[in-house]
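Dear colleague,

Please find below the structure that I am handing over to you. My findings follow it, arranged by region.

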Amino acid sequence: MDKRFSPTPHRICLMAGPAFCLLYIVGFVFLCKFWPIPNPAWPAERLVAWILDHKYSYELGCMFMLIGAGLMGPWGASHSVWTRKTEGRFPVMYITQIVCLAASVAIFILISIFWGLAAFRAGQINPEITQTIFDLGWFTFLWAGPAFYIWALALGLGILWNPPEHQLFPRWSGWFTVVAVLSWSP
């Protein structure tokens with residue numbers, strides 16, 4: 001092991017993953033009340049009334065999701081750096097992971113911003129504008145998968161393609177990640 005390695009920052013970054021999930025779930029389900037999902041067939045006025053019914057918890061939920069999305073970066077970086085250690089001079093899987101991770105974090109942040117923006121002036125502006133911004137958040141949420149999928153696939157393949165003498169993760173975790181990505185697509 002490299003003598004310059006300090007496990008404390010790495011452990012802190014690994015803890016960001018569960019924190020990301022917890023904050024996102026609390027914000028999404030309990031504060032924004034996106035479970036059950038608001039009916040996309042609602043007229044704009046109904047959507048605005050729904051947002052206004054729990055505006056403060058909704059805005060707090062968007063803040064939780066925003067903070068959680070930021071924590072996705074250190075968590076993903078803590079995984080990617082271990083793939084980098086095993087790739088040699090041309091770390092294609094590592095670079096792919098970092099680029100897709102950055103895109104995924106940016107997308108998750110934008111989703112929270114769009115939903116928060118929908119509530120910002122809800123009831124003060126044309127309801128169709130609020131509905132459009134709200135829908136933009138949902139479309140981004142539902143179609144944001146490719147960057148996240150490619151990041152996870154690069155991580156799984158990076159684990160599988162490591163020579164046994166440089167293996168840092170068990171091979172089953174690489175197969176598990178690849179199969180998980182394939183199951184997310186449908």
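Is S112 buried or exposed? S112 counts as buried, because its relative accessibility is 3%, and the cut-off for that class is under 20%. Please note from the outset that this is a predicted model, and that every value in this message was computed from it.

**S112 and its surroundings**

S112 is placed in helix α4, which covers residues 92-120. Setting aside residues up to four places away in sequence, S112 touches Y24, C62, M65 and L66. Of the helices that appear in this message, α1 spans 7-31 and α3 spans residues 55-87.

**Overall architecture**

The protein has seven helices and zero strands, which gives the pattern α-α-α-α-α-α-α when read along the sequence. Along the principal axes, the C-alpha atoms fill a box of roughly 60 × 35 × 25 Å. The chain has 186 residues, of which 40% count as buried. For contacts between residues at least 6 apart in sequence, 76% join residues at least 24 apart.

The exposed area of the protein is about 10800 Å², and carbon and sulfur atoms supply 73% of this area. As to charge, there are 11 positive and 8 negative charges, and their mean positions lie 15 Å apart.

**T83 and L155**

Two buried residues in separate helices meet here. T83 belongs to helix α3 and is buried, because its relative accessible area is 1%. L155 belongs to helix α6, residues 145-160, and its relative accessibility of 11% is the reason that L155 also counts as buried.

The two residues appear in each other's contact lists. Not counting residues up to four places away in sequence, T83 touches M93, Q97, L155 and G158. With neighbours within four places in sequence left aside, L155 is in contact with H79, T83 and Q97. Q97 is thus found in the list for T83 and in the list for L155.

M93 can also be placed relative to L155: the two are 62 residues apart along the chain, while their C-alpha atoms are separated by 7.0 Å.

**The salt bridge in helix α3**

How many salt bridges does the count come to? The count comes to one salt bridge. E59 forms a salt bridge with K55, and the closest N and O atoms are 3.7 Å apart. In general terms, side chains of opposite charge can pair when their charged atoms come close. E59 and K55 are separated by about one helical turn because they are four residues apart in helix α3.

The two partners fall into separate accessibility classes. E59 counts as partly exposed, because its relative accessibility is 27%. K55 is buried, because its relative accessible area is 17%.

**A nonpolar patch**

L60, M63 and I67 make a nonpolar surface patch of about 270 Å². One of these residues, I67, lies in helix α3. The relative accessibility of I67 is 46%, which means that I67 counts as partly exposed.

**Loops and backbone geometry**

The loop between α1 (7-31) and α2 (44-53) holds P36, and K33 is found in the loop between α1 and α2 as well. Two backbone features may be of interest to you there. The peptide bond from W35 to P36 is cis, with omega near 0 degrees. K33 is a residue other than glycine with a positive phi, the value being near 60 degrees. K33 counts as partly exposed, because its relative accessibility is 38%.

Further along the chain, N126 lies in the loop between α4 and α5 (127-142). N126 counts as partly exposed because its relative accessibility is 38%. N126 and V48 are 78 residues apart along the chain, and their C-alpha atoms are separated by 9.6 Å.

**Summary of the main points**

- The protein has seven helices and zero strands.
- S112 counts as buried, at 3% relative accessibility.
- T83 touches residues including L155 and G158.
- E59 forms a salt bridge with K55.
- The peptide bond from W35 to P36 is cis.

With kind regards

Terms used: Residues are numbered from 1 along each chain as its sequence is written. This is a predicted model: local features need pLDDT of at least 70, side-chain atom pairs count only at pLDDT 80 or more; totals for chains, interfaces and linings use all residues. Side-chain values use heavy atoms; hydrogens and water are left out. Buried means under 20% relative accessible area, exposed over 50%, partly exposed in between (1.4 Å probe, protein chains only). Contact means heavy atoms within 4.5 Å. Patches are made of residues with over 30% relative accessible area and no salt bridge: like charges are joined within 9 Å, nonpolar side chains (Val, Leu, Ile, Met, Phe, Trp, Tyr) within 5 Å. Accessible areas come from the Shrake-Rupley method with a 1.4 Å probe; for residues, only the protein chains shown count as cover. A salt bridge is a side-chain nitrogen of Lys or Arg within 4 Å of a carboxyl oxygen of Asp or Glu. Lys and Arg count as positive and Asp and Glu as negative; His and the chain ends are not counted. The place of a charge is taken as NZ of Lys, CZ of Arg, CG of Asp or CD of Glu.
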